[in-house]
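Open the model in your viewer and keep the selection panel at hand. Each stop below gives a selection and what to look for.

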Amino acid sequence: MFNLSGKGSHGFHEGHLLFNEEDTLAMVVSVMPEEKALSILEGLAPFLNKHSGVVFVSDTMVSRLEKFKK
């Protein structure tokens with residue numbers, strides 16, 4: 001268990017603090033079409049130039065494609 005909080009298709013899930021009661025880490029996971037990824041990453045660049053953080057980009061397979069169609 002990773003103790004992550006977030007919002008999914010079934011609503012919000014509240015995890016537990018990983019280190020102590022004052023400091024937490026935030027992780028954002030996003031799935032998007034490849035053609036949108038570059039503009040999103042370009043938009044994150046100014047933020048990451050001022051704040052610490054890491055971005056991982058990976059290919060993804062979606063098992064329930066109807067969740068991602070318009």
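Which residues form a nonpolar patch on the surface? Select Met32, Ile40, Leu41, Leu44, Val55 and Val57. Together they have about 460 Å² of accessible area. Keep in mind that this is a predicted model.

**Whole chain.** Now colour by secondary structure. The protein chain holds 1 helix and 2 strands, and along the sequence they run β-β-α. Switch to a surface view. The chain exposes about 7,300 Å², with carbon and sulfur atoms supplying 57% of that area. Of the 70 residues, buried ones make up 1%.

**Helix 1.** Select residues 34–50, which are helix 1. Put a distance between its end C-alpha atoms: they are 26 Å apart. At 1.5 Å a residue, the 17 residues should span 24 Å, so the two values agree.

**Leu44.** Stay on helix 1 and pick Leu44, already seen as a member of the nonpolar patch. Where does helix 1 bend by about 30°? The bend is at Leu44, and a proline, Pro46, follows within four residues. Is Leu44 buried, exposed or partly exposed? Its relative accessible area is 33%. Buried means under 20% and exposed over 50%, so Leu44 counts as partly exposed.

**Ala45.** Step along to Ala45, also in helix 1. Ala45 has 33% relative accessibility and is therefore partly exposed. Finish by adding Val55, another member of the patch. Ala45 and Val55 are 10 residues apart along the chain, and their C-alpha atoms are separated by 9.9 Å.

Key. Residues numbered from 1 in each chain as written. Predicted model: local features only at pLDDT ≥ 70, side-chain atom pairs only at ≥ 80, totals over all residues. Heavy atoms only, no water. Patch = residues over 30% accessible without salt bridge, like charges linked within 9 Å, V, L, I, M, F, W, Y side chains within 5 Å. Areas by Shrake-Rupley, 256 points an atom, 1.4 Å probe, with all protein chains shown as cover. Salt bridge = Lys/Arg side-chain N within 4 Å of Asp/Glu carboxyl O. Buried < 20%, exposed > 50% of the residue type's maximum accessible area, 1.4 Å probe, protein only. Expected span 1.5 Å × (residues − 1). Bend = angle between axes of the 7 residues up to and from the residue.
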